[in-house]
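Biologist: Could you take a close look at the charged side-chain pairs with me? I would like to go through them one at a time.

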Amino acid sequence: MVRLYIVRHGEANYSATNGGTLTQHGREEAMALAPYISEMGITHAYTSPLGRASLTAKLALQQTPKFSSSEFISSTDSPGNTASTSTGESKPKLSNFEKNVSTEDWCREIIPWRKQWREKFGEGWCSVAKDNKGRAIVDLPATQSRNALTSTVEGSSQSVRGWQHTCPDHAAYSGNFAKFCADADEFLSRHGIHRDGANYRMNPEDVADAEKRNARIIIFSHGAQALTLLSHLLAIPFPIIHSAMWLAPSSVTTIVFEEYKGIEADGIPMGGPYDPNGFASSTDNGSLVLTPRALAIGSTNHLAVQPGMDIYAPGKDAAKRDTKKRRITGIRSNFF
């Protein structure tokens with residue numbers, strides 16, 4: 001089965017240029033990911049173009065040889081460590097990170113969505129936000145979303161209605177959300193995972209391709225971007241996921257594309273989870289229906305203190321290290 005890992009960048013210094021960078025804590029968080037990710041069997045790696053995400057990716061993939069930047073050879077090295085161009089000029093060799101980790105523009109944070117706040121609410125609403133850029137969609141009050149989406153019946157039972165009808169503030173972003181979902185599905189289709197109604201489908205030729213069938217894909221992105229992707233993959237209403245969930249810096253979310261074989265005419269998977277010797281209906285053509293299922297959301301297991309674990313930058317005095325510093329920085333700053 002295909003697995004998709006979504007990693008939020010480490011604690012960030014947002015004031016830096018080129019999409020920000022990482023604080024010292026953020027670097028330590030990303031470095032702590034390295035041994036954790038090295039055991040995942042990653043086959044494909046992608047990153048947002050923003051600096052805080054790409055630096056997280058570079059540090060977190062250091063112990064995964066296929067994607068490591070440790071082999072980077074600078075332009076000041078001897079000619080023997082350089083590659084020659086067709087014109088005979090020397091240039092630095094690319095690291096495995098540069099060769100094998102692709103940048104995906106759709107993985108950048110959904111900051112441009114802020115622009116609609118000014119149009120919708122005017123300057124007064126924007127004035128409370130940093131640099132007068134307007135509030136992000138995650139800043140919409142959770143109480144507002146919950147009140148709009150949930151109605152209490154007989155004191156306890158709840159029913160959830162369509163969010164685009166009941167949450168007009170979020171509905172203002174329905175066009176952005178649709179474009180985001182289309183970009184995400186185009187990305188998945190490159191890995192043989194094709195949108196088919198409410199589920200996905202893997203065609204027979206891709207089912208037979210062991211690399212696609214067992215792909216381990218990792219994306220380094222951002223908090224709101226990752227939540228929006230989860231909304232799409234897990235069919236959770238957009239306002240609910242943004243008002244009810246939060247992803248810690250450097251957290252890892254794991255999605256498995258569960259396989260079903262044998263499809264009746266109405267599209268209902270038959271035979272249960274995929275079994276090569278199991279049931280196949282008369283309409284089965286060798287394809288699989290794939291249903292995204294979350295195995296873990298926002299996991300920070302890599303931040304647990306482990307015997308012999310050293311995630312600090314080289315050169316620090318070991319005697320002065322305080323293991324209590326290894327904590328989820330975002331949760332501490334936001335909620336403690």
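Biologist: How many salt bridges does the structure hold?

Modeller: Happy to help! This is a predicted model, and the structure holds eight salt bridges. As background, side chains of opposite charge can pair when their charged atoms come close.

Let's start with Arg190, which pairs with Glu104 at 2.9 Å between the closest N and O atoms. Arg190 sits in the loop between α9 (174–189) and β10 (194–196), while Glu104 belongs to the loop between β7 (101–103) and α4 (115–121), so this contact ties together parts that are 86 residues apart in sequence. The two partners can also be described by their accessibility: Arg190 is partly exposed, at a relative accessible area of 39%, whereas Glu104 is buried, at 8%. The pair belongs to a network of salt bridges that links Glu104, Glu186 and Arg190.

Next comes a pair within a helix. Asp183 and Lys179 form a salt bridge with an N to O distance of 2.7 Å. Both residues are in helix α9, four residues apart, which means that about one helical turn separates them. Asp183 is partly exposed, with 23% relative accessible area.

Finally, consider a pair between strands. Glu258 and Arg293 join in a salt bridge at 2.9 Å, N to O. Glu258 lies in strand β13 (residues 252–261) and Arg293 in strand β14 (residues 288–299), so distant parts of the chain, 35 residues apart, are linked here. Of these partners, Glu258 is buried, with a relative accessible area of 14%, and Arg293 is partly exposed, at 43%.

Technical notes:
Residues are numbered from 1 along each chain as its sequence is written. This is a predicted model: local features need pLDDT of at least 70, side-chain atom pairs count only at pLDDT 80 or more; totals for chains, interfaces and linings use all residues. Side-chain values use heavy atoms; hydrogens and water are left out. A salt bridge is a side-chain nitrogen of Lys or Arg within 4 Å of a carboxyl oxygen of Asp or Glu. Helices (H or I, at least four residues) and strands (E, at least two) are DSSP runs, numbered from the N terminus. Buried means under 20% relative accessible area, exposed over 50%, partly exposed in between (1.4 Å probe, protein chains only).
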